[in-house]
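Colleague: I'd like to quiz you on the labels in this one. Can you set each value against its cut-off for me?

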Amino acid sequence: MEDNLDCPVVLTGNEHSKFLSKRYGYKEWMISRFLNFIPHPEKMLDYVHDSKNLHYYIRVNTLRTNPQELKRRLDEKGYLLRETILKEVFEIKNPGFGGIQIKDTGITIGRQNNDVNNDNKDAVTTPKDYDLQSSKDDDLGSKQPSIGSTIEYLKGYYYIQDLSSCIAVEELEIHAGSDLVVLDMAAAPGGKTTHIAQKLDNKGAIFACELNSNRLASLLFNLSRCFVQNTIVLNIKAEEINELELQFDRVLLDAPCTCEGIIMKDHSRKKSRNLVDLETCSNRQKKMIISGFDVLKPNGLLIYCTCSFAPEENEMIIQHLLNNHKDAKIEPLNYGMDGLTSFSKYQFDKKMVHTKRFYPHIHSTNGFFIAKIRKKPN
Ligand SMILES: C[S@@+](CC[C@H](N)C(=O)[O-])C[C@H]1O[C@@H](n2cnc3c(N)ncnc32)[C@H](O)[C@@H]1O
């Protein structure tokens, strides 16, 4: 596929897309695109419309505790935990979100989860003067605080994070306590950085880049809360990482994106983004993936992910990398639905089928995309 043709792709709407966009409150250009590449798109629109369908997950921080011990403690407090495909991740049926209100700041602890994290909606500063507030939600009649306000949360025993995000780190192939040097190109508020740190058992080193200085506080807070000791935070544009003259065994690019995949958690995104935003994100993602791949060691692994459905932010970014780096090879992943091998008039590399997509109405997660890329050995 050639690069940069008609990006983003504009698809003509019809009476049906007009009807659906009115019914569910989206901009029509989004719906006419969804109808072209999302499986059972109307089912998804219906599913995402109803907040009762939201799923919440917590990841056990194995630097602080283990799944059995955390489950015991949270069971005692009345939380209902269910196992998932990952042994360190539980679904939580009654999260009782409400959070901790930090007096005089309006800042809430405990909502930094779910990758609602491209626009400072999430996360925390330092917990200086906080008020443990019971949730107003009457989940199953319980009176426990929200899952983002427990003592266990504040002590870093777990991180509130979508299952799809946890799968992205799982796929980085980090074996317990291995001495790897890892680059996290877009780190705040630290969901994936803290996960990588626990996989490394605080060994090796993580270089965590974050461009937005307003988001550094949340990153530093979570690193400290989760007892992470192997991470160097860099307030830089990740595209400029080559200036450090370092090479990495693993690179994670959890790219800043349009966040279409978290509309269920933030309904304003049905209308707040336009095609120019999509183009801006896509262009930045292309630069970031090339920079990340450039500093990857031979035989090293790069995981690229977004919480977007848009092919311009997903398969087209991977295709851009393949077009520019003959030593980049797509590898298979363990979970999710196959990536697209074509979109509109574009055909992608046959191996694009090994990239994976996650959909709320199918996987009970955020909308998410993951690709695993190996740099061929010299
Ligand atoms: C999807 S969020 C990262 C979420 C994070 N990985 C986690 O799991 O908690 C993307 C982040 O990239 C940051 N960002 C945007 N452009 C960047 C750039 N050029 N270099 C580094 N970080 C950037 C944003 O401020 C945002 O915090």
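Colleague: At what angle do helix 1 (residues 15-24) and helix 2 (residues 28-37) pack, and how far apart are their axes?
Modeller: They pack at about 120°, with axes 9 Å apart. The axes are lines fitted to C-alpha atoms, for helices over the stretch in contact, with angles running from 0 to 180 degrees between N-to-C directions.

Colleague: And why is helix 1 called oblique to helix 2?
Modeller: Under 35 degrees is roughly parallel, over 145 roughly antiparallel, 65 to 115 roughly perpendicular, and the rest oblique. About 120° falls in that rest, so helix 1 is oblique to helix 2.

Colleague: What are we looking at here, an experimental structure or a predicted one?
Modeller: It's a predicted model, where local features need pLDDT of at least 70, side-chain atom pairs need 80 or more, and totals for chains, interfaces and linings use all residues. Residue numbers start from 1 along each chain as its sequence is written. The helices (H or I, at least four residues) and strands (E, at least two) are DSSP runs numbered from the N terminus, and the chain has 11 helices and 18 strands.

Colleague: Back to that first pair: which residues of helix 1 and helix 2 meet?
Modeller: From helix 1 you get Ser 17, Lys 18, Leu 20 and Ser 21, and from helix 2 Glu 28, Ile 31, Ser 32 and Leu 35. In contact means C-beta atoms, placed from the backbone, within 7 Å. By class that's three nonpolar, three polar and two charged residues. (Nonpolar is Ala, Val, Leu, Ile, Met, Phe, Trp, Tyr, Cys and Pro; charged is Asp, Glu, Lys and Arg; the others, Gly among them, are polar.)

Colleague: What handedness does the crossing of helix 1 and helix 2 have, left or right?
Modeller: Right-handed. The rule is that the near helix is turned from the far one by less than a right angle, anticlockwise for left-handed and clockwise for right-handed.

Colleague: What makes helix 7 (residues 191-199) largely enclosed?
Modeller: Buried takes 20 or more other C-beta atoms within 10 Å of a residue's own, exposed 12 or fewer, and partly exposed is in between, with C-beta atoms placed from the backbone. Nine of the nine residues of helix 7 are buried, so the rest of the structure largely encloses this helix. Even Lys 192 and Lys 199 are among the buried ones. Across the 378 residues of the chain, 49% count as buried.

Colleague: How do you know that helix 6 (residues 163-170) and helix 7 are oblique?
Modeller: Their angle is about 45°, with axes 10 Å apart. Put that through the angle bins and it's neither roughly parallel nor roughly perpendicular, therefore helix 6 and helix 7 are oblique. The crossing is right-handed, and the contact brings together four nonpolar, three polar and two charged residues.

Colleague: Which residues come nearest the ligand?
Modeller: Of 22 residues around the ligand, Ala 186, Gly 191, Asn 212, Ala 238 and Asp 254 come nearest. To be near, a residue's C-beta atom, placed from the backbone, must lie within 6 Å. The shell divides into nine nonpolar, six polar and seven charged. Gly 191 is also one of the buried residues of helix 7.

Colleague: What kind of peptide bond joins Ala 188 and Pro 189, cis or trans?
Modeller: Cis, with omega about 5°. Pro 189 sits in the loop between strand 8 (181-184) and helix 7.

Colleague: Why is His 320 called buried and Glu 245 exposed?
Modeller: His 320, in helix 10 (residues 315-324), has 21 other C-beta atoms within 10 Å, which meets the buried cut-off. Glu 245, in the loop between strand 10 (231-234) and strand 11 (248-254), has 7, so it counts as exposed.

Colleague: And what makes Phe 227 and Ser 364 partly exposed?
Modeller: Phe 227 has 16 C-beta neighbours inside 10 Å and Ser 364 has 18, so both counts fall in the in-between range. Phe 227 lies in the loop between helix 8 (216-225) and strand 10, with a positive phi near 60°. Ser 364 has a positive phi of about 55° without being a glycine.

Technical notes
Two residues are in contact if their C-beta atoms, placed from the backbone, lie within 7 Å.
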